[in-house]
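I opened a fresh notebook page for this one and jotted things down as I went. Pull up a chair and follow along.

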Amino acid sequence: MTIPRVMKAIQIQKYNAPYAVSEVKVPQPKANQVLIRIKAAGFCHTDLMALNNDFRTPLPFIGSHEPAGIIEELGSDVKAFAIGDRVGCINFESACGTCPDCRHGRPIYCDSPMMKGITTDGAWAEYMVADARFIIKLPEKIEFAVAAPLMCAGISIYGGIKKADIPPGGSVGIIGIGGLGHIGTQLGKAMGYKVAAVDVKQSSLDLVKSHRLNPDLCLLATQSAEDALKQIGDTIPGPYPGLDATILATDHPAAFEFAATITRKHGTVVLLGQPENGITMSYQNIIYRDLKLVGSLVANTPDAEELVRLVAENDIEVKVKNWRIEEAEQMRQEYMAGKSEGKNVVVF
């Protein structure tokens, strides 16, 4: 198809301002890049942080770091992809290649990364360029609107579960059943673990109960952690009271001590949430119960390839609400009002 000169985009031109559609130039791929015709691009809490200038993103910039689409043009150095490939892009634009993590094969922890929709232009546009090192081919059975949120929400929760280093057949609690959590409960089951879903909203727990890969136990976080621990013991017994690991997919301050309490002695707590004022856990839980606290960012490209295979092979459900680009501000307002469940996606 003929690539146009200009395109529609949600370009942030002022911090803390409502989302609005602009007309901007279609980008040109460099030698190591591809040009993707965007079919779907997710909305994430991190997009709000970028809008609020939490990352000091230079203005103007195009939002969204959860892209999925079709390759329309290849840079001269790109050999592993072809025009017409269906692809997703994890949220890195580039990595420096020289820092210790880049030299040791961990570019997602680069000291000076460029990140889609966070420090450089993202996916809320009809076209986007992407570094070929950070894109993956999508299985045909995964729709673009489902693939897009897998590129951040999906790989974040998958990376967190992998970092928890849960023993085979072990147990994991997903704390916060939102955009990440409702994917994580299913992934945990697909990976062979016993799964507890934890949230303050019964509607969120009802959602994951409805999935084919549903949790072994659903816990309302409005109860005491001690009562929750008893329920875990009744349903998911083990040599120690509690779960082998808990994954914090929420920013809520009360969730951190709750998660620590329901994690078994010598277990692992994985932090995905980004609470504005940091996290608080009692030293008694961490020290006397020998808990390990692990931070997790997103998964790398090979892990993202594993994830989409796992989603396709296990028919994992991703709850999405589709929006047109002109409805982006309405989408943001609904999210901030706490009315969203699952993932919001702008489709083209």
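**Entry 1: the N-terminal strands**

I began with S1 and strand S4 (residues 61-62), which pair antiparallel through 2 bridges. Within S4, Ile62 is the residue opposite Gln11. A note to self before going on: this is a predicted model.

Next I looked at the other partner I had for S1. Strand S2 (residues 21-25) runs antiparallel to S1, and 5 bridges join the two. Val6 has Lys25 of S2 as its bridge partner. I also checked how covered S1 (residues 6-12) is: 5 of its 7 residues are buried, so I wrote "mostly covered" beside the strand.

The loop between S1 and S2 holds Asn16. Its phi caught my eye: Asn16 has a positive value near 60° and is not a glycine. Is Asn16 buried or exposed? With a relative accessibility of 52%, Asn16 counts as exposed.

**Entry 2: a cis peptide**

I then looked up the peptide bond between Leu59 and Pro60, and this bond is cis, with omega at about -15°. Pro60 belongs to the loop that runs between helix H1 (45-51) and S4.

**Entry 3: the parallel sheet**

Which order do the strands of the open sheet take? I traced 6 strands as S13-S12-S11-S14-S15-S16, with parallel pairing. Strand S13 (217-220) and strand S16 (292-295) are the edges, each pairing on one side only. On average, neighbouring strands of this sheet are turned by 20° against each other, direction ignored.

I zoomed in on one pair. Strand S14 (residues 243-248) and strand S15 (residues 263-271) run parallel and are joined by 5 bridges. There I found Ala245 opposite Thr268 of S15.

**Entry 4: helices lying across the strands**

Two helices went on the list here. Helix H3 (residues 144-163) lies across strand S11 (171-175), S14, S15 and S16, and runs at about 150° to S14. Helix H5 (residues 202-209) lies across strand S12 (194-199) and S13, at about 175° to S13.

I paused on Ser204, which lies in helix H5. Ser204 counts as buried because its relative accessibility is 2%. Apart from neighbours within four places in sequence, I found Ser204 in contact with Ile177, Asp199 and Glu341.

**Entry 5: H3 meets H9**

At what angle do the axes of H3 and helix H9 (residues 301-314) cross? They cross at roughly 100° and come within 10 Å. The two helices are therefore roughly perpendicular. From H3, the contact uses Leu150, Met151, Gly154, Ile155, Tyr158 and Lys162, while H9 brings Asp303, Ala304, Glu306, Leu307, Val308, Leu310 and Val311. Sorting the residues of this contact gave me 9 nonpolar, 1 polar and 3 charged.

I followed the chain out of H9 as well. Asp315 sits in the loop between H9 and strand S17 (320-323). Asp315 has a positive phi of about 50°, although it is not a glycine. Its relative accessibility is 45%, so I put Asp315 down as partly exposed.

**Entry 6: an enclosed helix**

Helix H4 (residues 181-190) has 8 of its 10 residues buried, so the rest of the structure largely encloses it. The buried residues of H4 are Gly181, His182, Ile183, Gly184, Thr185, Gln186, Leu187 and Gly188. What do they pack against? I listed H3, S11, S12, H5, H9 and strand S18 (343-347). Just after H4, Gly192 takes a positive phi of about 90°.

**Entry 7: cysteines**

How many disulfides does the structure hold? I counted 0 disulfides. Cys89 is in no disulfide, and the nearest cysteine sulfur, that of Cys152, is 11 Å away. Cys89 counts as buried because its relative accessibility is 0%.

Cys96 gave me a shorter note to puzzle over. The nearest cysteine sulfur to that of Cys96 belongs to Cys110, at 3.6 Å, and Cys96 is in no disulfide. A disulfide needs the sulfur atoms within 2.5 Å, so I left this pair out. With a relative accessible area of 33%, Cys96 is partly exposed.

Notes:
Residues numbered from 1 in each chain as written. Predicted model: local features only at pLDDT ≥ 70, side-chain atom pairs only at ≥ 80, totals over all residues. Heavy atoms only, no water. Pairing = 2+ DSSP bridges. Helix = DSSP H or I, 4+ residues; strand = E, 2+ residues; numbered from the N terminus. Axes fitted to C-alpha atoms, helices over the stretch in contact; angles between N-to-C directions. Contact = heavy atoms within 4.5 Å. Parallel < 35°, antiparallel > 145°, perpendicular 65-115°, else oblique. Nonpolar A, V, L, I, M, F, W, Y, C, P; charged D, E, K, R; others polar. Buried < 20%, exposed > 50% of the residue type's maximum accessible area, 1.4 Å probe, protein only.
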